[in-house]
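Here's a walk through one chain, from the inside outwards. Have the viewer open and follow along.

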Amino acid sequence: MSSSPVSTPVPAQPYGRQPLRTVQVLGGGAGAGSSAHVRSLATGLAARGVRVTVCAPVRVEGEYDFTGAGAQFAPDAVSVLRAACAGADVVHAHGVRAGMRAALAMRGRRVPLVVSWHGDGPTAAGALGRLSRMLERHVARAAAVVLGASSDQVDLARLRGARDARLAPVAVPAGLAGPEAAADPGKVRAELGAVERPLLIAVGSLVPHRGYSVLLDAAREWRALEPAPLLVIAGEGPLRAELSRRIEAEALPVRLLGRRRDAAQLLAAADLAVLPSRWEARALLAQEALRVGVPLVATAVGGVPELVGEGAVLVPPGDAGALASAVTGLLADPERRGALAAAGRVQAATWPSEDDTVAQVLSVYDELMERRRR
């Protein structure tokens, strides 16, 4: 997957200064949103004369082609990460787990660490929750700057002890969403079996916090509609077997599509997008849906209300009845769907561009370099 290059001229290095060297760290659980963000960031930074190394799993390089963005790629092995960090001016970790790996690799070195908290899920209960909170505290205190994709993440970072936590919304990379995604929606619908029935789509890994069990409960309620909507879920994960059993046992109008590289095309062909998560920061599906003009029903969690504004229908998390009612209500009201799509596009126009995002991150790097020179 790739994004359009950020069109910024390469500046001369001032006063003969060496180019800024950054290491971008992605963990093994890196999702599509954070991986696409790093790809976009690497493109923009390289265009500005920054030397970028991306440390990530090999499979992620295969999907996002960081070298094609102008970065060097390094596998995320501990020894490789340690060596990369040793030669960096700034290390930027994407996610708390990646932040922990980076902090360990940088131990004993005076290299500033920036941590973006986008993509990390809610803190669990019990022993696992205590471990997660301890991890968050360690990373928050090790970071020179924490960048939160939503206000709630900024608040959480401060609660965990971050010295400097700032709001840094992440732009949807060009090419992941937009009118050009809908090359032939009729063909897409035919391939999915939704020619004469509504098509609903959810996108995301099959993990507990995505709320897919509640989504299946809602699908059980709307299967009595005529014609019954078809729900497709693009994503892979540990809950596949459990969800598949439920779909078959309850005869639900749901298809699990697995990991798809054409999620943008699927979304553009849909009548509605559904985001049933228990938690989200700056959900990639929500951004894609609003930019494409596909009406969205989402849970009012995390950074979602702040992100979508009036551009989506919000329901309480875990409430299958409210989710089903919102979906059936929109399917029965084409005029409201059209108004919601228009409102979504208006909201999307308020979000930062890729250039804005890169410029904000680079300003943080420059600030940290000035601190070191004092």
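In this predicted model, the largest nonpolar core has 32 residues. The members with the most contacts inside that core are L192, A273, L275, L296 and V308. As a rule, nonpolar side chains in soluble globular proteins tend to be buried together. Who chips in here? At least two residues each come from α7, β8, β9, α10 (263-269), β11, α11 (284-292), β12 and α12 (304-308). The top contributor is α11, which gives 5 residues to this core.

V308 is a handy place to zoom in. Leaving aside residues up to four places away in sequence, V308 touches A286, L290, L296, L314 and Q347. One of those, L296, is also on the list of core residues with the most contacts.

Now for the sheet. It's an open one with 6 strands, paired in parallel and ordered β10-β9-β8-β11-β12-β13. At the edges sit β10 (254-258) and β13 (313-315), each pairing on one side only. From one strand to the next, the twist averages 20°.

Two of the strand pairings, one involving each edge strand, can be put side by side:

| Strand pair | Sense | Bridges | A residue pair |
|---|---|---|---|
| β9 and β10 | parallel | 4 bridges | V232 and R255 |
| β12 and β13 | parallel | 3 bridges | T299 and V315 |

Is the edge strand β10 mostly covered or mostly open? Mostly covered: 4 of its 5 residues are buried. To get from β9 to β10, the chain passes through α9, and this β-α-β crossover is right-handed. At the other edge, β13 pairs with β12 (residues 296-299), and T299 stands opposite V315 there.

Helices pack onto this sheet too. Helix α7 (residues 185-192) lies across β8 (199-203), β9 (230-234) and β10, running at about 110° to β10. Then there's α8 (residues 212-222), whose buried residues are Y212, V214, L215, L216, A218, A219 and W222. What do those buried residues pack against? Their partners are the strands β8, β9, β10 and β11 (272-275), along with the helices α9 (240-249) and α13 (320-331).

Elsewhere in the chain, R82 is worth a click. This arginine belongs to helix α3 (residues 78-86). Is R82 buried, partly exposed or exposed? With buried meaning under 20% and exposed meaning over 50%, R82 counts as partly exposed because its relative accessibility is 37%. Not counting residues up to four places away in sequence, R82 touches A105 and R109. Another arginine, R101, is 19 residues from R82 in sequence, and their C-alpha atoms are 9.4 Å apart in space.

Finally, zoom out to the whole chain. Its secondary structure comes to 15 helices and 13 strands. Of the 374 residues, 53% count as buried. Among contacts with a separation of 6 or more, 66% are between residues 24 or more positions apart. The chain exposes about 15,900 Å², and carbon and sulfur atoms supply 53% of that area.

Technical notes
Residues are numbered from 1 along each chain as its sequence is written. This is a predicted model: local features need pLDDT of at least 70, side-chain atom pairs count only at pLDDT 80 or more; totals for chains, interfaces and linings use all residues. Side-chain values use heavy atoms; hydrogens and water are left out. Buried means under 20% relative accessible area, exposed over 50%, partly exposed in between (1.4 Å probe, protein chains only). Contact means heavy atoms within 4.5 Å. Two strands pair if DSSP finds at least two bridges between them. Axes are lines fitted to C-alpha atoms, for helices over the stretch in contact, and angles run from 0 to 180 degrees between N-to-C directions. A nonpolar core is a set of buried Ala, Val, Leu, Ile, Met, Phe, Trp, Tyr and Cys residues joined through side-chain atoms within 4.5 Å. A crossover is right-handed if, with the strands pointing away from the viewer, the path from the first strand over the helix to the second runs clockwise. Accessible areas come from the Shrake-Rupley method with a 1.4 Å probe; for residues, only the protein chains shown count as cover.
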